[in-house]
Amino acid sequence: MNPTYQVISLEISSLSYRETAEAIIELGAKRKPSYCCFANAHMTIEAYDSLSFAGQVNAANFVCADGMPLVKAVKLLYNQRIERVAGMDMMPTIMKTAEEKHLSVYFFGTTDEVLEQIKTEVTIQFPNLKIAGKFSPPFRELTKEEKQEQIQSINNSGANIVMVALGCPKQEKWMAENSPRINAVCLGVGGAFPVFAKIQNRAPKWIRDFSLEWAYRLSQDPKRLFKRYFYTNTKFLFLLGKQKFAKS
């Protein structure tokens, strides 16, 4: 077992980017019920505020450091260097490897418009990748029967890998609840869908390297994100400082 590092509320994986990708592909090839979370400061605070949600995230096969603040937090708390394993990077990496290894991918979440554009991009970038299926769930609470139909549809598709984009915390809750009945590895990649579909732009690399990707997103949608980022980032820094002080 590879060690994990507790950062506030989450157990962050120590696996490198390459090791994580290889492990995901291995799980997918075996069609083993499993899931992977890509954590940032927002998810960390969501987990801190909800013990049940923390349990759902930490029950994942891997909780990766999606954001640079978590990478730096591990360095601050444990003096250990880990790699950033971002969902936006992992999504195309996994699709490329799946194409090479003849594994199929299912896309679950967002809107029909985004899913259609993803299909177009896949045919351009990974022409031999098998798309097992795609589905945009309705924006309402589903019945028990509807949930079962979704799971059955995914299993019947023969998908090895399920990319899930419902947003945090919804996608993590969905994976924790449904993964045991899905014969595939599920990846909660969130905002990677519209970026891969070229509907949204991702922050330039230098901004990501300086841990300022959140600020770039904020500039694109300030009305929706200001309150969330102000709360989560402030609380993240406070709790991180508290944890560091407790370890001293």
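**Exercise 1. Find how much surface the protein chain exposes, and describe its overall build.**

Step 1. The protein chain exposes about 12600 Å², with carbon and sulfur atoms supplying 55% of it; accessible areas come from the Shrake-Rupley method with a 1.4 Å probe, and for residues only the protein chains shown count as cover. This is a predicted model, where local features need pLDDT of at least 70 and side-chain atom pairs count only at pLDDT 80 or more, while totals for chains, interfaces and linings use all residues. Residues are numbered from 1 along each chain as its sequence is written, and side-chain values use heavy atoms, leaving out hydrogens and water.

Step 2. Now look inside: buried residues make up 51% of the 248 residues. Buried means under 20% relative accessible area, exposed over 50%, and partly exposed in between (1.4 Å probe, protein chains only).

Step 3. Count the elements: there are twelve helices and eight strands (DSSP runs numbered from the N terminus, helices being H or I with at least four residues and strands E with at least two).

**Exercise 2. Work out which parts the salt bridge between E121 and K198 ties together.**

Step 1. A salt bridge is a side-chain nitrogen of Lys or Arg within 4 Å of a carboxyl oxygen of Asp or Glu. The side chains of E121 and K198 meet in one, at 3.8 Å from N to O.

Step 2. E121 lies in helix α6 (residues 112-125) and K198 in the loop between α9 and α10 (205-209), so the pair ties together parts that are 77 residues apart in sequence.

Step 3. Compare the partners: E121 is buried, with a relative accessible area of 6%, whereas K198 is exposed at 59%.

**Exercise 3. Place the partners of the K30 salt bridge along their helix.**

Step 1. K30 pairs with E26, and their closest N and O atoms are 3.2 Å apart.

Step 2. Both sit in helix α1 (residues 17-30); because they are four residues apart there, about one helical turn separates them.

Step 3. K30 is exposed, with a relative accessible area of 56%, and E26 is partly exposed at 45%.

**Exercise 4. Describe the surroundings of E99.**

Step 1. Find E99 in helix α5 (residues 87-101).

Step 2. E99 is buried yet has no salt bridge; K96, the nearest side chain of opposite charge, is 6.7 Å away.

Step 3. Setting aside residues up to four places away in sequence, E99 touches F126, P127, N128 and L129, where contact means heavy atoms within 4.5 Å.

Terms used. Lys, Arg positive; Asp, Glu negative; His and termini not counted.
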